[in-house]
Amino acid sequence: MVKTISIPEDLHKELMRIKLDSNNKNIAEILKQMLVAYREKKLLEHSKKFKNILKKEGVTFEEFLKRAEKIREEVANELFPK
Amino acid sequence: MNFFLNKIVIDTNILFMAWYNPFGKCGEVLRKANKGEIKIFAPDSVREEIFRVFRREANLMDLEIEEFLFDFEINWVGKNVYEKFLDKVKVKHKPDKPVEATALALNCGILSADNHFKEKINIDELLDSLGED
């Protein structure tokens, strides 16, 4: 199934230019590549945020995993009491 | 053990390790999922654990935790899907049962750093099978 989205004309032109320049089959391929780049950026951002949390809380990664393990047991006991 | 490696079930530690070291092997697995080369599944218990850990250990609000999870291609599996497989799992450690039950329900392998699982995917083999970019 395909969907249509409205974009400004100048953005459309730029996407068409990139399509020709990059030898991509269609705009959807370019958008997919942009999505991958966006998610890569988010992965690095989340990583930075995660490390800041550890630093702020003054815990090592190993300590953090140990605390998470305890919470995992708590979740399991609540979700599956039997 | 041979699994079809186009879909995998992960546990919480894989996500934490990817966030801790995005350039490591776990980060690479998330990257492969983001590119559509592999499908990642996890039971709702993993999601609940992440919420509780971040709430308690980092005082994050639910919206901030949602943001952590929103940007990754993780397919969350509800208890209704894996529940009937809980009594068929081999793992003895209770917190790991939903992960194995999900793998049984979806007929795929488990990627975990946890030694409780007897049968799990080797991350090097997984990444080798997906090839380099």
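# Exercises on a two-chain predicted model

In chain B, 62% of the contacts with a separation of 6 or more are between residues 24 or more positions apart. The structure is a predicted model, and the exercises below work through its chains, its sheet, its core and its interface.

**Exercise 1. Decide which chain agrees with the radius of gyration of a compact globule.**

Solution.
- Start with chain B, which has 133 residues; a compact globule with that many would have a radius of gyration near 14 Å. Chain B has 14 Å, so chain B agrees with the rule.
- Turn to chain A, for which a compact globule of 82 residues would have a radius of gyration near 12 Å, but the value is 22 Å.
- Set out the boxes along the principal axes: the C-alpha atoms of chain A fill roughly 55 × 35 × 20 Å, and the C-alpha trace of chain B spans about 40 × 40 × 25 Å.
- Add burial: 7% of the 82 residues of chain A count as buried, while for the 133 residues of chain B the figure is 41%.

**Exercise 2. State how many helices and strands each chain has, and in what pattern.**

Solution.
- Chain A has three helices and zero strands, and its pattern along the sequence is α-α-α.
- Chain B has seven helices and four strands. Read along the sequence, the pattern of chain B is β-α-α-β-α-α-β-α-α-β-α.

**Exercise 3. Work out the strand order of the sheet in chain B and find its edge strands.**

Solution.
- Take strand 1 (residues 7-10) of chain B and look for its partners. Three bridges join strand 1 to strand 2 (residues 39-43), and the two run parallel.
- Name residue pairs: B:Lys7 has B:Lys39 as its bridge partner in strand 2, and B:Val9 has B:Phe41.
- Strand 1 also pairs with strand 4 of chain B, in the parallel sense and over three bridges. Here B:Ile8 stands opposite B:Gly109.
- Place the four strands: the order is 3-2-1-4, in an open sheet with parallel pairing. The edges are strand 3 (74-77) and strand 4 (109-111), each of which pairs on one side only.
- Finish with the twist, which averages 40° from one strand to the next.

**Exercise 4. Identify the residues that touch the most other members of the largest nonpolar core, and follow B:Ile8 further.**

Solution.
- The largest nonpolar core has 37 residues, and those touching the most other members are B:Ile8, B:Val9, B:Ile10 and B:Ile14.
- Helix 1 (residues 12-20) of chain B gives the most to this core, five residues.
- For B:Ile8, leave aside neighbours within four places in sequence. The contacts are then B:Ile38, B:Ile40, B:Cys108, B:Gly109, B:Leu111 and B:Ile121.
- Compare this list with the sheet: B:Gly109, one of these contacts, is also the residue opposite B:Ile8 in strand 4.

**Exercise 5. Describe the side of chain A that touches chain B: which helices supply it, and how do its residues divide into nonpolar, polar and charged?**

Solution.
- Count both sides: 24 residues of chain A are in contact with 26 residues of chain B.
- Assign the chain A side to elements. Helix 2 (27-57) and helix 3 (61-79) each supply at least two residues, and helix 2 holds the largest share, with 12 residues.
- Sort the chain A side by residue class: 14 are nonpolar, two are polar and eight are charged.

Methods. Residues are numbered from 1 along each chain as its sequence is written. Chains are lettered from A and ligands numbered from 1 in the order in which they are written. This is a predicted model: local features need pLDDT of at least 70, side-chain atom pairs count only at pLDDT 80 or more; totals for chains, interfaces and linings use all residues. Two residues are in contact if their C-beta atoms, placed from the backbone, lie within 7 Å. Ala, Val, Leu, Ile, Met, Phe, Trp, Tyr, Cys and Pro count as nonpolar, Asp, Glu, Lys and Arg as charged, and the others, Gly among them, as polar. Two strands pair if DSSP finds at least two bridges between them. Axes are lines fitted to C-alpha atoms, for helices over the stretch in contact, and angles run from 0 to 180 degrees between N-to-C directions. A nonpolar core is a set of buried Ala, Val, Leu, Ile, Met, Phe, Trp, Tyr and Cys residues joined through C-beta atoms within 7 Å. A residue is buried if 20 or more other C-beta atoms lie within 10 Å of its own, exposed if 12 or fewer, and partly exposed in between; C-beta atoms are placed from the backbone. The radius of gyration is taken over C-alpha atoms; the globule rule is 2.2 Å times the number of residues to the power 0.38.
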